[in-house]
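Open the structure in your viewer and keep the sequence beside it. The tour goes from one selection to the next and says what is found at each stop.

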Amino acid sequence: MASILMIIAKRLAIGLLTLLVVTVIIFSALELLPGDIATEKLGQSATPETLAAFREKLGLNDPAPVRYWNWLTGALGGDFGVSLANERPITDLIANRTANTFFLAGYAAAIAVPLAVLFGALAALYRNSFFDRFMSISTLSAISFPEFFVAYILILLFSVQLGWFPSLVSVDSSTPLATRLYQTFLPALTMTLIVMAHIMRMTRAAIINLLALPYVEMAHLKGMRRWRVIAIHTLPNALAPIINVIALNLAYLIVGVVLVEVVFVYPGLGQLLVDSVANRDVTVVQAACLIFAATYILLNLAADILSILTNPRLMHPR
């Protein structure tokens, strides 16, 4: 138990250091963007005096290290400041958007993870069969297409031609759960098709690697059915790589949701991030990227810990 706590402490320290580096990279990248919130909000016809007064009001005339330090100290205390575009508190601005993004990612994960593990186990069970080849071709095709292309194909089929689901998502905090699930089905399906392929192929590969081991051969010689061998003997021992790929794809569902939200005009954190970049709203972009980075790091930490718990040999260096 102490060794696991030590590993968690080390990974948390590395994660915090990584998060600090990410904030520096984000701030530096935003500094390289042409223009700023003053020229974006006041327009090209604004006089130099007006631009200078506006920048002074927002603190944009301070040196970049000072602005970064002020933002970092506020973020550590839970205060991300105010939006430069509309002067609203960023915490209030991103609260509902973050909840919407996590809801969409959780919706997609609830569909993708069980189906991917099931199809991966079936593909390993019926290796080299028509089902295995069909799933391999389907998953490779899904991986090859970018998210926005898959989203537009689904919109064409289910919204334009069949008219089953809306092409644009309109939800808020008062939307009932059933309506929210119906409204967000197409974006969730888009993300499901993308991430399910990775999880399914890793599940299949992990199980097939274990099927040649002696204890699995002994289970076959004892007369156990093949599906029982996979379900009882191989799948539990293949959990470590499966958990890793699931955690990485869950992180992708959170971080990679930006394009899907833009296509469906979903009111999530990704859509807010794109709008804020267009408006040069630096403080909102920093807050959104910080949430994405922290989520990615925490999910990777969870994957490491769960992998160790399912395979204690990983605690000991080789």
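Start by selecting Val265, which sits in the loop between α13 and α14 (269–278). The model is a predicted one, and this loop residue has a positive phi of about 50° although it is not a glycine. Is Val265 buried, partly exposed or exposed? Its relative accessible area is 44%, so Val265 is partly exposed.

Next, select helix α13, which covers residues 258–264. Leu259 belongs to this helix. With a relative accessibility of 42%, Leu259 also counts as partly exposed.

Keep Leu259 selected and add Phe145, Phe148, Phe149, Tyr152, Ile153 and Leu157; together these residues make a nonpolar surface patch of about 640 Å². Which helix gives the largest share of the nonpolar patch? Helix α7 (residues 147–161) does, with five residues.

Now go to Thr190 in helix α9, residues 185–211. Thr190 has a relative accessible area of 0%; buried means under 20%, so Thr190 is buried. Show its contacts, leaving aside neighbours within four places in sequence: they are Glu147, Val150, Ala151, Leu154, Val260 and Phe264.

Phe264 leads on to the next stop. Along with Phe80 and Ile94, Phe264 touches the most other members of the largest nonpolar core, which has 62 residues. Eleven residues of this core, its largest share, come from helix α5 (residues 90–125). In soluble globular proteins, nonpolar side chains tend to be buried together.

Select Ile94 and show what lies around it. Which residues is Ile94 in contact with, leaving aside its neighbours within four places in sequence? They are Phe80, Leu269, Leu272, Ala287 and Ile291. Apart from the largest core lies another core, of five residues; among them are Ala121, Ile207, Ile208 and Leu211.

For the last stop, select Ile297 in helix α15, residues 282–310. Then add Leu16 and set a distance between the two C-alpha atoms. How far apart are Ile297 and Leu16 in sequence and in space? They are 281 residues apart in sequence, and 8.6 Å apart in space from C-alpha to C-alpha. To finish, show the contacts of Ile297, again leaving aside neighbours within four places in sequence: Gly15, Thr18 and Leu19.

Technical notes. Residues numbered from 1 in each chain as written. Predicted model: local features only at pLDDT ≥ 70, side-chain atom pairs only at ≥ 80, totals over all residues. Heavy atoms only, no water. Helix = DSSP H or I, 4+ residues; strand = E, 2+ residues; numbered from the N terminus. Buried < 20%, exposed > 50% of the residue type's maximum accessible area, 1.4 Å probe, protein only. Contact = heavy atoms within 4.5 Å. Core = buried A, V, L, I, M, F, W, Y, C linked by side-chain atoms within 4.5 Å. Patch = residues over 30% accessible without salt bridge, like charges linked within 9 Å, V, L, I, M, F, W, Y side chains within 5 Å. Areas by Shrake-Rupley, 256 points an atom, 1.4 Å probe, with all protein chains shown as cover. Salt bridge = Lys/Arg side-chain N within 4 Å of Asp/Glu carboxyl O.
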